[in-house]
Amino acid sequence: MIRVRFAPSPTGMFHVGGARSALFNWALAEQSGGTFVLRIEDTDAARNRPEWTEGIISALAWIGINGDSPFFEGPYFQSAYEEQHREAVAKLVAGGRAYFCTCTRDEVKARTGSEHKGYDGFCRDRGLAEGAVRFRTPDDGVTVVEDLVRGTVEFPNNAMEDFVVARADGSPLFVLANVVDDIEMRISHVVRAEEHLSNTPKQQLLWEALGVTPPTWAHVPVIVNEKRQKLSKRRDKVALESYREEGYLAEAMVNYLMLLGWGPGDDREIMPWSEMVPLFKLSDVNPSPAFFDEKKLRAFNGEYIRALPLATFIARCEPWLDPSWDRETFAKVAELAQTRIAVLSEITANVDFLFLDEPVFDQASWDKAMKTSAAEILTGYLARLEKVNMDPESLKTALEEVGAEHGLKLGKAQAPVRVAVTGRTVGLPLFESVEALGRERSMDRIRAALARLQG
């Protein structure tokens with residue numbers, strides 16, 4: 001049975017690259033009827049905060065990876081396996097595959113003449129009974145890693161120093177703990193980011209030294225920004241939580257992340273998870289860097305928003321609606337808003353004019369719209385609003401007539417009226433907005449705009 005694992009460290013935020021790796025693992029587990037194991041790498045005391053662990057679990061649940069599925073197992077915690085880590089170290093030492101070492105970094109530098117050279121094997125045959133523990137790497141040959149994404153990758157053994165697997169106090173280093181945990185959890189496939197490839201020959205040697213067949217490896221491509229730089233939390237918008245808070249739909253995010261390095265092969269991009277899973281193959285993952293294009297993600301999200309049933313869209317908007325806003329009024333314009341927003345947080349700016357005593361004027365919109373003829377257009381439309389039928393077609397005809405009187409097409413005539421009524425040059429269709437706002441409130445806003453122009 002395929003058993004994959006996702007093993008994040010708590011960092012206070014959940015990286016979109018980690019989310020992509022988690023989804024690749026989840027797809028592999030689901031399509032094979034296997035198991036996705038969540039393991040929290042919590043041995044760093046500075047990062048071992050319960051709220052950060054809860055953040056990981058919450059972020060995974062948002063993209064559909066949670067304990068409600070029969071494919072999910074965990075979370076486990078690396079710190080719970082310290083005894084097994086220490087037992088593995090003892091086994092390596094007893095079998096001659098590791099040894100104690102008391103060398104300091106300065107002593108190694110003094111012997112090699114360079115701070116850049118690796119460990120020189122000084123303690124290999126000293127027979128020490130204490131100190132840090134180093135793994136004895138082969139002196140010659142190569143360690144061959146068969147990778148489902150990158151093919152056959154060879155690492156010369158003489159380029160690997162005897163690396164430390166446990167500190168002098170007996171506590172294991174990550175390189176060993178990671179292997180022992182995977183063995184304990186019977187992990188069959190390790191699907192992770194490309195940056196871990198350099199650790200793989202060391203881990204493969206440890207698997208073999210502990211008498212267990214190494215897992216199947218797959219290192220997925222690095223994710224880069226528009227400058228083809230690796231995504232960085234110091235520079236780029238990488239926290240999955242920030243996209244959730246902005247109003248991206250989980251299903252759109254899942255769809256987009258799955259396409260960072262992989263594709264179904266038929267030029268389709270917008271497709272639900274249920275259709276992607278049967279098609280997913282690690283061998284089809286492109287090893288080249290994958291570009292995280294936020295504009296494309298935004299377009300994906302807009303597609304998903306427009307595809308929502310109206311009632312679902314209304315429910316999804318709820319977190320961004322003020323509690324005091326009348327929900328019946330919102331429901332009347334929701335369908336119009338649904339076709340115009342790309343993220344749910346944009347709903348506020350599209351509909352707030354309906355619920356505020358006065359619109360929030362965007363100064364750039366005001367300056368652009370309230371130019372020559374603006375006062376005449378507003379005055380003419382105000383007069384017609386007193387008696388026109390309050391339906392979109394009649395409201396449109398009335399403004400066309402006013403515009404014609406001043407030699408303006410409808411598009412030009414709309415601008416000052418839109419800003420007067422909504423505060424902005426973009427938003428919901430103007431005449432539906434006037435209808436929803438009502439005759440008296442619309443007229444009051446046009447009067448207020450005229451006063452502002454004259455004042």
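Begin by selecting helix 5, residues 174-184, in this predicted model, and colour Val175, Leu176, Ala177, Asn178, Val179, Val180, Asp181 and Asp182, which are the buried residues of this helix. With eight of its 11 residues buried, helix 5 is mostly covered. To see what does the covering, add the partners against which these buried residues pack: strand 1 (3-6), strand 2 (35-40), helix 3 (82-94), strand 8 (164-166), strand 9 (189-193) and helix 6 (200-209). Before leaving this region, step just past the end of helix 5 to arginine 186, where the backbone takes a positive phi of about 55°.

Next, select Cys101, Cys103, Cys123 and Asp125, which the unreviewed UniProt entry annotates as "binding site". Although these four span 25 residues in sequence, no two of their C-alpha atoms are more than 13.2 Å apart, so they gather at one spot.

Centre the view on cysteine 101, which lies in strand 4 (residues 98-101) and is buried, with a relative accessible area of 4%. Leaving aside residues up to four places away in sequence, cysteine 101 touches Tyr119, Cys123, Leu128, Glu130, Gly131, Ala132 and Arg134. Then move to cysteine 123, which sits in the loop between helix 4 (105-112) and strand 5 (132-135) and is also buried, at a relative accessible area of 1%. With the same sequence neighbours left out, the contacts of cysteine 123 are Tyr99, Phe100, Cys101, Thr102, Cys103 and Leu128.

Why is there no bond between the sulfurs of cysteine 101 and cysteine 123? The cysteine sulfur closest to that of cysteine 101 is the one in cysteine 123, and at 3.8 Å it is too far for a bond, because a disulfide requires the two sulfur atoms to be within 2.5 Å. By this rule the count of disulfides comes to zero.

Now go to helix 11 (residues 310-317) and helix 12 (residues 327-338), whose axes come within 10 Å and cross at roughly 100°, which means that helix 11 runs roughly perpendicular to helix 12. On the helix 11 side, display Leu310, Phe313, Ile314 and Cys317, and on the helix 12 side Phe330, Ala331, Ala334, Glu335, Ala337 and Gln338, since these are the residues that meet. Coloured by character, the residues of this contact divide into eight nonpolar, one polar and one charged. Cysteine 317, one of the helix 11 residues in the contact, is buried, with a relative accessible area of 0%.

While helix 12 is on screen, pick out threonine 329, which has its place in that helix. Is threonine 329 buried or exposed? At 19% relative accessibility threonine 329 counts as buried, because the cut-off for that class is under 20%. Beyond residues up to four places away in sequence, threonine 329 touches Leu354 and Phe355.

Finish with helix 16 (residues 392-405) and helix 17 (residues 410-422), which pack at an angle of about 105° with their axes 9 Å apart; helix 16 is therefore roughly perpendicular to helix 17. Select Lys396, Leu399, Glu400 and Gly403 of helix 16 together with Leu410, Ala413, Gln414 and Val417 of helix 17, and the residues that make this contact will be in view. By character they divide into four nonpolar, two polar and two charged.

Methods. Residues numbered from 1 in each chain as written. Predicted model: local features only at pLDDT ≥ 70, side-chain atom pairs only at ≥ 80, totals over all residues. Heavy atoms only, no water. Buried < 20%, exposed > 50% of the residue type's maximum accessible area, 1.4 Å probe, protein only. Axes fitted to C-alpha atoms, helices over the stretch in contact; angles between N-to-C directions. Helix = DSSP H or I, 4+ residues; strand = E, 2+ residues; numbered from the N terminus. Parallel < 35°, antiparallel > 145°, perpendicular 65-115°, else oblique. Contact = heavy atoms within 4.5 Å. Nonpolar A, V, L, I, M, F, W, Y, C, P; charged D, E, K, R; others polar. UniProt positions renumbered as here; feature names shortened; annotations may be inferred.
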